[in-house]
Amino acid sequence: MAAASKQPENPPLARVVADLYALLPSEFTAARNARAADAGRNGDKDLAKRIKALPKPSTAAWLVNLLADRKQDDLAAVLDLGAALREAQEDLDQKQLRRLSTERQRLLRAIVRSARDLAADLGHPVSEALAGEAEQTLWAAMTDSAAADAVASGQLVRSLAASGWEEVDLDGAVADPDSVRPARSGSGDRTAATSGTAPSPAKGAGKDSAADSRRRAAAERLVRKLQSELQDAEGDERTAQEAFDTAQQEVDEAAGRRDRLTDEIDDLRERIRELEREVSAADRQAGRLERERDTARRAARSARRSVEKARQKLADARDAADAGK
């Protein structure tokens, strides 16, 4: 006897997101709904709900996702240049900043032009304005490492904007924040500055001088101060992350509610079309019945006239019979 067919296993959300956000915008909604339905049929209602809540990316976001999917090396070059720019900015190296800024403009123009060509080849050309929005998103990714990770993930939902070298707002910017992996870290000297370790003091040939002792004590105090600041910063980070997680959950719930309302609107429109067809059928039936009624009315009037004539003839005949008696 043939073995019973095994129920297919649901893919993790991260893989579904990677598949969906690589699609053309015109294919996204149908594919998302189909994947959600598959997950529901396989018994994973939570996954089905999370897939159904995935928002359709804006066209500019899709254009950047296209680069992450099909032009990974070109995108990596842009993001690596962004890391170098951030380091030059932190070091206040104006000469390096000017040189890298010129390279940035060249790279951004080239990669956006490549993205537009690729989109046109796929049958989904984009306007100059949307291409500019995509370029703005790539520039934002160059100014902020977290934004760079979001862009490299290939699951942008909306475009990004930079405000100088400030942290880029990423609220609701990616489909599945939990699957975005940090790909870049700061330079080694900045890492060492926050690691809680101080550089080893240089070893002299003779006995440490009083100045060396004072420098060592000052360095130890600095290390303790930095460690305390690091702990405070880590606490602030945890608090901010919790607030972000809560806000993201609310955004996801709002997006899911919007999709449910959209589905309800579609159902109502279909019901309206059905009722309009029923009204048309009822109008046709009413017209036919009115015509039958009018015909029956005329027949009844004719019958009444015939009855009246017959009665009159009968009355005349009776009168004649009575007169002959």
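Which helix holds the place of Asp259? The residue belongs to α10, the helix that covers residues 210–324. We will come back to Asp259 after a look at the whole chain. Please keep in mind as you read that this is a predicted model.

Let us start with the overall picture. The protein has 10 helices and 0 strands, so if you follow the chain from the N terminus, the order of elements reads α-α-α-α-α-α-α-α-α-α. Of the 325 residues in the protein, 26% are buried. Take the contacts with a separation of 6 or more, and you will find that 65% of them join residues 24 or more positions apart.

Now let us go inside. The largest nonpolar core has 39 residues, and the members that touch the most others are Leu63, Leu138, Val151, Leu156 and Leu160. Five helices each supply at least two residues of this core: α4 (59–70), α5 (72–90), α6 (94–121), α7 (128–143) and α8 (145–152). The largest share, 9 residues, is the contribution of α6. There is also a second, separate core, made of 14 residues, with Phe28, Ala39, Ile51 and Val157 among them.

Leu160 is a good place to pause, as one of the core members that touch the most others. If you set aside its neighbours within four places in sequence, Leu160 is in contact with Gln136, Thr137, Ala140, Ala147 and Val151 on one side of the sequence, and with Val168, Asp169, Leu170 and Ala173 on the other.

Two of the helices that supply the largest core, α5 and α7, also pack against each other. Two packed helices are described by the angle between their axes and the distance between the axes. For α5 and α7, the angle is about 45° and the axes lie 7 Å apart. With that angle, α5 counts as oblique to α7, because the roughly parallel class is kept for angles under 35 degrees. The crossing in which α5 passes α7 is right-handed. On the α5 side, the residues that meet α7 are Leu75, Val78, Leu79, Leu81, Gly82, Leu85 and Arg86, and their partners in α7 are Leu138, Trp139, Ala141, Met142 and Thr143. By type, the residues of this contact divide into 9 nonpolar, 2 polar and 1 charged. Notice that Leu138 takes part here and is also among the residues that touch the most other members of the largest core.

A second helix pair is found in α1 (residues 13–20) and α3 (residues 45–52), which pack at an angle of about 30° with their axes 11 Å apart. Are these two roughly parallel or roughly antiparallel? They are roughly parallel to each other, since angles under 35 degrees count that way. Here too the crossing is right-handed, as α1 passes α3. Leu13, Val16 and Leu20 of α1 make the contact with Leu47, Arg50 and Ile51 of α3. These residues divide into 5 nonpolar, no polar and 1 charged. Ile51, named in this contact, is also a member of the second core.

With the helices in view, let us return to Asp259 in α10. Is this residue buried or exposed? Its relative accessibility is 10%, so Asp259 counts as buried. Leaving aside neighbours within four places in sequence, Asp259 is in contact with Arg32, Lys52, Ala53 and Leu54. One of these partners, Ala53, is 206 residues away in sequence, yet the two C-alpha atoms are 7.0 Å apart in space.

Three other residues round off the tour. Ala34 sits in helix α2 (residues 25–41) and, at 38% relative accessibility, counts as partly exposed. From C-alpha to C-alpha, Ala34 and Ala48 are 9.7 Å apart, with their positions 14 residues apart in sequence.

Arg98 has its place in helix α6 and counts as exposed at 56% relative accessibility. Arg98 and Leu85 are 13 residues apart in sequence and 9.5 Å apart from C-alpha to C-alpha.

Finally, look at Leu92 in the loop between α5 and α6. Most residues other than glycine have a negative phi. The phi of Leu92, however, is positive, near 55°. Leu92 is exposed, with a relative accessible area of 61%.

Methods. Residues are numbered from 1 along each chain as its sequence is written. This is a predicted model: local features need pLDDT of at least 70, side-chain atom pairs count only at pLDDT 80 or more; totals for chains, interfaces and linings use all residues. Side-chain values use heavy atoms; hydrogens and water are left out. A nonpolar core is a set of buried Ala, Val, Leu, Ile, Met, Phe, Trp, Tyr and Cys residues joined through side-chain atoms within 4.5 Å. Buried means under 20% relative accessible area, exposed over 50%, partly exposed in between (1.4 Å probe, protein chains only). Helices (H or I, at least four residues) and strands (E, at least two) are DSSP runs, numbered from the N terminus. Contact means heavy atoms within 4.5 Å. Axes are lines fitted to C-alpha atoms, for helices over the stretch in contact, and angles run from 0 to 180 degrees between N-to-C directions. Angles under 35 degrees count as roughly parallel, over 145 as roughly antiparallel, 65 to 115 as roughly perpendicular and the rest as oblique. A crossing is left-handed if the near helix is turned anticlockwise from the far one by less than a right angle, and right-handed if clockwise. Ala, Val, Leu, Ile, Met, Phe, Trp, Tyr, Cys and Pro count as nonpolar, Asp, Glu, Lys and Arg as charged, and the others, Gly among them, as polar.
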